[in-house]
Structure formats: C-alpha cells, structure tokens
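Here's a quick briefing to read alongside the sequence and the 3D view. Keep the picture open and look up each part as it comes along.

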Amino acid sequence: MTNLDLDLAKTISAVSKKELGLLYYFPEEIERALKENRAVIIEENGRLVGWGFWTIRNGPPRRASWLEVHTLYIYPEFRGRGYLNKFFDMAYQRLKDANLRAYFFTRAGAVMHMAEKYGFKKASVSDIPISVWIKMLLHRLNPRRLSSYLKYGWRILGAWKWDVYIR
Ligand SMILES: CC(C)(COP(=O)(O)OP(=O)(O)OC[C@H]1O[C@@H](n2cnc3c(N)ncnc32)[C@H](O)[C@@H]1OP(=O)(O)O)[C@@H](O)C(=O)NCCC(=O)NCCS
C-alpha cells in the first residue's frame with residue numbers, strides 16, 4: 001500500500017462513519033479491501049468521484065459464496081451524472097464469472113433502480129443463509145463499530161425497514 005492508498009482508505013472510512021446511508025468501515029477494513037481489489041474507485045480528471053466495495057462471506061459448505069455490496073457512495077457534486085451506472089458496470093464486469101450470490105441492503109431509490117437493471121430482485125432477509133447472517137451480525141456488532149450507530153439517532157429503530165436485494 002502506498003501513502004496515497006492509506007489516505008484514500010482514511011477518507012472513505014471517515015465518509016462511511018458520518019454518512020447515514022452507509023455502515024461504518026474502519027480504515028484498516030477499507031485498506032484491506034483496496035489491497036484485495038474488492039472495490040471500484042471512480043475518479044474524473046484526478047478527482048475522487050465515488051466508490052463501492054464488496055465483501056465475500058462463505059455460505060453453507062459446497063454452496064455458492066455470498067457477496068455483500070456495500071459502501072456505495074458518490075460525492076454530492078457528482079450525483080445524477082451516471083457514476084452509479086459506472087460502478088455497477090465495472091463491478092459486474094469484474095464479478096460476472098464468479099460463482100457468487102450477491103446481496104445488499106439499501107434505502108436509496110437510485111441503488112434499487114440500478115439493482116433491478118442488473119438482475120437483482122427484492123428479497124426477504126430469510127433468503128440469506130443463517131451462516132452468512134451470523135458473520136454479518138458479528139461484523140456489524142463489533143464493539144468498535146457500535147458508537148457509529150449513534151449517527152442514526154432515533155432513526156435506528158427503522159433499521160428493519162432497509163430493503164434487501166439479491167442476485
Ligand atoms: C445513492 C447514490 C450512490 C446514488 O448516486 P447518484 O449518482 O446520485 O445516482 P443517479 O442519480 O445517477 O441515479 C442512478 C440511476 O437511478 C435512478 N434514480 C435516481 N434516484 C432514483 C429514485 N429515487 N428512485 C428510482 N430511481 C432513481 C436514476 O434515474 C438513474 O437511472 P438511469 O441511469 O437508468 O437513468 C448517491 O446518492 C449517494 O452517494 N448517496 C449517499 C450514500 C448512500 O446512500 N449510498 C447508498 C448505500 S446503499
């Protein structure tokens with residue numbers, strides 16, 4: 001990792017910490033995802049426009065692994081200009097041949113729209129295997145992450161209203 005990558009990881013982590021639509025990812029988690037190429041970073045003329053990441057969690061033995069798409073973000077000044085399309089295009093090209101089920105949670109209309117374009121279907125949380133849920137919950141309930149949920153205030157009570165999409 002170069003210093004530039006470390007700065008990028010810190011920037012993305014800081015955005016995820018304060019942005020209501022995103023789960024907080026620690027700088028080292030973002031750093032690892034960058035290193036493992038589990039990310040699409042979008043730039044224009046040397047300016048950072050946005051990004052999206054994924055994490056793979058193994059499902060039941062001998063079944064496909066499950067990939068969670070997360071930390072999708074476009075800076076406000078670049079929104080509505082097709083960059084989300086670009087993320088889905090690039091991620092699709094990278095992952096289309098892998099034996100993976102992909103899923104994500106969202107409340108963003110633009111993301112739901114793109115998901116449907118790319119063959120995701122609105123699903124039920126019970127469509128995700130329990131073994132994947134356990135890994136996901138352990139990740140979300142990491143004590144270092146808990147204080148970040150304060151950003152939601154009382155809105156945390158509506159967390160169950162997030163839609164899940166699966167492909
Ligand atoms: C969500 C986010 C990534 C969307 O990026 P964006 O650049 O604003 O997306 P766009 O406006 O280009 O919309 C992409 C597509 O969704 C459509 N769309 C936009 N808003 C929509 C809505 N509310 N309902 C349905 N479709 C919508 C657009 O028409 C466009 O479709 P098209 O390409 O087929 O014409 C961006 O707003 C963001 O970073 N938000 C904060 C973080 C966040 O909430 N991330 C999502 C986590 S799941």
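Let's start with a pair of facing residues: in this predicted model, Thr106 sits opposite Asp163 in strand S6. Strand S4 covers residues 100-106 and strand S6 covers residues 163-166; the two run antiparallel, with four bridges between them. From there we can work outwards to the whole sheet, the overall fold, the ligand and a few single residues.

**The sheet**

- S6 also pairs with strand S5, residues 121-123; this pair is antiparallel too, and three bridges join it.
- In that second pair, Lys121 is the residue standing opposite Ile166 in S6.
- As background, strands in a sheet pair up through backbone hydrogen bonds, and they can do so parallel or antiparallel.
- So what order do the six strands of the open sheet take? The order is S1-S2-S3-S4-S6-S5, and the pairing is mixed.
- Strand S1 (39-44) and S5 are at the edges, and each has a single partner strand, so one side of each has no neighbour in the sheet.
- From one strand to the next, the twist averages 25°.
- Helix H4 packs on this sheet and touches S3, S4 and S6. The direction of H4 makes about 20° with that of S6.

**The overall fold**

- The protein has six helices and six strands.
- Follow the chain along the sequence and you get the pattern α-α-β-β-β-α-β-α-β-α-α-β.
- The protein's radius of gyration is 16 Å, close to the 15 Å that the globule rule gives for 167 residues, so the protein is as compact as a globular protein of that length.
- Measured out along its principal axes, the C-alpha trace spans about 40 × 35 × 30 Å.
- Of the 167 residues, 22% are buried.
- If you take the contacts with a separation of 6 or more, 66% of them are between residues 24 or more positions apart.

**Around the ligand**

- Which residues come nearest to the ligand? Out of the 19 residues around it, they are Gly21, Arg79, Gly109, Ala110 and His113.
- Strand S3 (65-74), helix H3 (83-95) and helix H4 (109-117) each give at least two residues to the shell around the ligand.
- H4 gives the most, with five residues. This is the helix that also packs on the sheet.
- Sorted by type, the shell has 10 nonpolar residues, seven polar ones and two charged ones.

**Two residues with positive phi**

- Asn37 has a phi near 65°, which is a positive value in a residue other than glycine. You'll find Asn37 in the loop between H2 and S1.
- Is Asn37 buried or exposed? Asn37 counts as exposed, because it has 8 C-beta neighbours inside 10 Å, and the cut-off for exposed is 12 or fewer.
- Thr71 isn't a glycine either, yet its phi is positive, at about 55°. Thr71 is in strand S3.
- Thr71 is buried, because 26 other C-beta atoms lie within 10 Å, and being buried takes 20 or more.

**Two more residues to find**

- Arg32 is in helix H2, residues 27-35.
- Arg32 counts as partly exposed because it has 15 other C-beta atoms within 10 Å, which falls between the two cut-offs, 12 or fewer and 20 or more.
- From C-alpha to C-alpha, Arg32 and Tyr149 are 22 Å apart in space, and they are 117 residues apart in sequence.
- Ile128 lies in the loop between S5 and helix H5 (130-140).
- Why is Ile128 called buried? Ile128 has 20 other C-beta atoms within 10 Å, so it meets the cut-off of 20 or more.
- Leaving out residues up to four places away in sequence, Ile128 touches Trp66, Tyr103 and Trp133.
- Ile128 and Leu72 are 56 residues apart in sequence and 20 Å apart in space, C-alpha to C-alpha.

Definitions and conventions: Residues numbered from 1 in each chain as written. Predicted model: local features only at pLDDT ≥ 70, side-chain atom pairs only at ≥ 80, totals over all residues. Rg over C-alpha atoms; globule rule 2.2 N^0.38 Å. Contact = placed C-beta atoms within 7 Å. Pairing = 2+ DSSP bridges. Near = placed C-beta within 6 Å. Nonpolar A, V, L, I, M, F, W, Y, C, P; charged D, E, K, R; others polar. Axes fitted to C-alpha atoms, helices over the stretch in contact; angles between N-to-C directions.
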